[in-house]
Amino acid sequence: ITGLPGEGSGAPAGGGGAGVSSSSSSGLGADAGLEIRTRSVEQTLVPLVSQITTLINHKDKPKRSDKTLQAIQRVGQAVNLAVGRFVTVGEAIANENHELKEEMSIACIEARRAGETIAQLTDVASLDHPESDSHITIFTDKTGVVKAARLLLSSVTKVLVLADGIVIKQIITSRNKVLATMEQLEKVNSFQEFVQIFSQFGNEMVEFAHLTGDRQNDLKDEKKKARMAASRAILEKCTMMLLTASKTCLRHPDCESARINKDGVFHRMRLALEQVIDIVTDSRPNGENEMAPISIYSGIKEFKNKVEGLRENLYFLSKENLSTMLEVILEHTEDFTDSAYTSHEHREHILELSKQAKMELEQLVSVWMQAQNQKTKDLMEDLEVAILKTCQCMNELKREVHSAATSLAADLLKYHTDHMVLKALKITGVEGNLEAVAEYTCKLSEQKEQLVEMCRLLRHVSGTEPLEITCIHAEDTFQVTGPQIISAAETLALHPSSKIAKENLEVFCEAWESQLSDMSMLLREINDVFEGRRGKNKHNANLKALKPVKLDTEEQAKIAKLGLELHLLTSDVDSETEKWEDQENEIVQHGQGMSSMAYSMYLFTRGEGLLKTTQDLFHQAEVIYF
């Protein structure tokens with residue numbers, strides 16, 4: 001928490017604390033590495049932020065009845081006792097996890113010291129004169145409690161984030177087990193050995209799915225959540241592919257197309273496993289470069305915000321900045337105008353609107369430059385007209401590319417709904433007709449290129465980052481699954497009587513059909529977002545995922561207990577607040593306002609309400625200190 005009063009003032013021993021690290025004094029804002037990425041950690045902190053704020057806010061209140069003084073003391077004691085219980089659990093985790101022991105122990109010591117300081121400063125109920133020089137209290141040392149609160153919040157957050165690292169470690173360990181077993185599966189030469197190892201592999205994949213499912217649900221960042229859902233969907237579908245592709249290879253060990261088919265599955269699973277680890281460890285994945293290009297939608301949104309910002313400030317950006325932004329947007333429209341699948345009508349409209357956008361910007365820049373030199377009423381009116389015309393043009397461009405992408409998608413999905421090419425591949429494969437299989441694999445390759453292009457264009461108009469990621473996942477699925485179907489069909493054509501080769505082709509064809517079905521749902525969601533029919537799209541609806549189940553491990557139980565201990569603060573302190581007799585008391589009145597703000601913070605941890613980012617949360621926490 002940043003911005004608390006009392007910076008630099010003295011504090012009693014144990015009260016002027018170290019924030020997150022032993023050398024810092026600015027609380028949560030002091031440690032850039034201490035980012036809260038999960039809802040569970042944030043939700044655990046909310047009651048603590050709320051309740052110690054009660055203490056902070058009445059240190060300057062003049063009206064102090066005996067009842068109020070007793071309540072203050074009980075609140076301080078409740079905080080100290082709850083922190084003591086919390087620290088005991090944190091220390092147990094430290095003792096069982098050697099790599100965390102030093103950091104966790106320091107954070108626990110700081111939390112315990114801060115809790116004890118708060119208890120000392122709130123020991124006021126027995127004093128006739130709380131301002132007495134003989135005893136330092138919340139009233140005589142007005143900054144001590146602020147510093148103690150800062151230290152408490154930062155150290156408790158550090159303990160929670162370190163404990164959360166244990167969950168990350170579990171996921172990494174689980175991934176390593178899966179990889180090790182995959183290596184064994186790649187090398188087996190007999191069915192008996194394969195069945196034995198695959199059974200172990202299945203159990204390990206279930207454990208990995210449960211751990212990552214819990215993590216996915218706990219992630220705050222919607223973009224990461226969508227990426228996690230995409231990776232887990234790949235792993236789920238590839239598990240069946242790995243089974244049939246491996247069996248086909250074992251049955252036909254000298255078949256090159258069977259080997260290529262199997263290698264493709266193993267490669268894709270390894271990439272998906274790596275992506276999951278990149279997400280949970282928050283490292284930048286190699287594959288994220290493909291997500292780097294800005295979409296037309298997000299480009300237009302940012303451009304319009306800058307243009308409309310000229311109403312408030314004529315000097316906050318340069319004309320070169322605006323021109324560059326428009327150039328980038330228009331470069332991306334070339335994805336539509338250069339596409340062989342864009343209709344002539346859409347292409348012409350996009351080119352016309354691109355030309356108009358350049359003209360509107362030129363006019364806007366001309367009036368804007370004049371207004372900078374001479375801010376007359378007429379010029380400001382002209383500027384307003386130029387802003388409106390520029391934004392209207394961008395809205396029309398946005399509508400046109402949306403229409404081009406979604407109409408193409410609707411046509412393609414309708415055209416390919418009968419799966420004629422897949423059916424033909426299955427029939428000609430069983431017949432052993434290599435020439436016919438080659439003919440239909442060419443048609444499938446054409447279909448794949450159409451669907452990949454469709455996904456690329458839909459990404460530009462998806463409207464939200466999570467939906468963009470879903471489009472990228474779909475594009476990747478078509479790109480990879482197409483060649484896998486071809487290699488499976490070639491294997492069947494070479495071995496037409498092979499039941500396992502036939503089953504293998506079925507599995508890959510089902511994955512293709514499933515992705516086409518998912519695209520229909522994705523298209524509906526994109527249209528819903530565009531029409532404003534849904535405030536919050538369910539971007540993971542088309543990514544089938546295993547139902548997450550909490551593993552009953554001792555470490556997870558302890559981490560859960562950390563949250564439980566802190567939540568005891570809420571009931572302890574609220575019960576005291578209810579006993580305060582004078583409802584007109586300034587403290588009670590302020591507490592009611594604070595309660596409303598704290599509720600906003602609580603909603604944030606659930607992904608609801610007006611607070612949208614972690615920064616918003618901490619700003620709200622900062623506000624309620626005043």
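# Notebook: a first walk through the helices

**Entry 1, the whole chain.** I began with burial, and buried residues make up 52% of the 626 residues in the protein chain. I note here that this is a predicted model. Next I looked up the secondary structure: the protein chain has 18 helices and zero strands. I also checked how far contacts reach along the sequence. Among contacts between residues at least 6 apart in sequence, 79% join residues at least 24 apart.

**Entry 2, the nonpolar cores.** I remind myself that in soluble globular proteins, nonpolar side chains tend to be buried together. Which residues touch the most other members of the largest nonpolar core? I found Leu322 and Leu458 in that role, in a core of 105 residues. Helix H11 gives the most to this core, with 14 residues. Domain 2 (172-281) and domain 3 (296-408) both contribute residues, so the core lies between them.

I then took a look around Leu322. Leaving aside its neighbours within four places in sequence, Leu322 is in contact with Phe303, Lys306, Val307, Leu310, Leu317, Leu361, Leu364 and Trp368. I also came across a second, separate core of 27 residues, which includes Cys108, Ala111, Ala114 and Val159.

**Entry 3, H8 against H11.** Two packed helices are described by the angle between their axes and the distance between the axes, and I looked up both here. The axes of helix H8 (residues 296-309) and helix H11 (residues 377-415) come within 10 Å and cross at roughly 170°. That makes H8 roughly antiparallel to H11, because angles over 145 degrees count that way. On the H8 side, the contact is made by Ile296, Tyr297, Ile300, Phe303, Lys304, Val307 and Glu308. From H11 I listed Ile387, Thr390, Cys391, Met394, Asn395, Leu397, Lys398, Val401 and His402. By class, this contact of H8 with H11 has ten nonpolar, three polar and three charged residues. Phe303 and Val307 of H8 were already in my notes as contacts of Leu322.

**Entry 4, H6 against H14.** Are H6 and H14 parallel or antiparallel to each other? The axes of helix H6 (residues 222-251) and helix H14 (residues 465-494) come within 9 Å and cross at roughly 10°. H6 and H14 are therefore roughly parallel to each other, the cut-off being under 35 degrees. H6 brings Glu222, Lys223, Ala226, Arg227, Ala230, Ala233, Ile234, Met241 and Thr248 to the contact. H14 answers with Glu465, Pro466, Ile469, His473, Asp476, Gln484 and Thr491. I sorted the contact of H6 with H14 by class and got seven nonpolar, four polar and five charged residues.

**Entry 5, Asn504.** I stayed in this part of the structure and moved to Asn504, in helix H15 (residues 499-531). Is Asn504 buried or exposed? Asn504 has a relative accessible area of 2%, so it is buried. Leaving aside its neighbours within four places in sequence, Asn504 is in contact with Met241, Thr244, Ala245, Thr248, Asn261 and Ala488. Met241 and Thr248 also appear in my list for the H6 contact with H14. Asn504 and Met240 are 264 residues apart in sequence, yet 9.2 Å apart in space, C-alpha to C-alpha.

**Entry 6, Glu320.** I found Glu320 in helix H9 (residues 319-337). At 47% relative accessibility, Glu320 counts as partly exposed. From Glu320 to Val365 I counted 45 residues in sequence and 9.7 Å in space, C-alpha to C-alpha.

**Entry 7, two loop residues.** Thr122 lies in the loop between helix H3 (101-121) and helix H4 (144-187). Despite the loop setting, Thr122 is buried, with a relative accessible area of 0%. Thr122 and Gly76 are 46 residues apart in sequence and 5.5 Å apart in space, C-alpha to C-alpha.

My last stop was His419, in the loop between H11 and helix H12 (420-431). Most residues other than glycine have a negative phi. His419 is not a glycine, but has a positive phi of about 55°.

Definitions and conventions
Residues are numbered from 1 along each chain as its sequence is written. This is a predicted model: local features need pLDDT of at least 70, side-chain atom pairs count only at pLDDT 80 or more; totals for chains, interfaces and linings use all residues. Side-chain values use heavy atoms; hydrogens and water are left out. Axes are lines fitted to C-alpha atoms, for helices over the stretch in contact, and angles run from 0 to 180 degrees between N-to-C directions. Angles under 35 degrees count as roughly parallel, over 145 as roughly antiparallel, 65 to 115 as roughly perpendicular and the rest as oblique. Contact means heavy atoms within 4.5 Å. Ala, Val, Leu, Ile, Met, Phe, Trp, Tyr, Cys and Pro count as nonpolar, Asp, Glu, Lys and Arg as charged, and the others, Gly among them, as polar. A nonpolar core is a set of buried Ala, Val, Leu, Ile, Met, Phe, Trp, Tyr and Cys residues joined through side-chain atoms within 4.5 Å. Buried means under 20% relative accessible area, exposed over 50%, partly exposed in between (1.4 Å probe, protein chains only). Domain bounds come from an automatic or database domain assignment.
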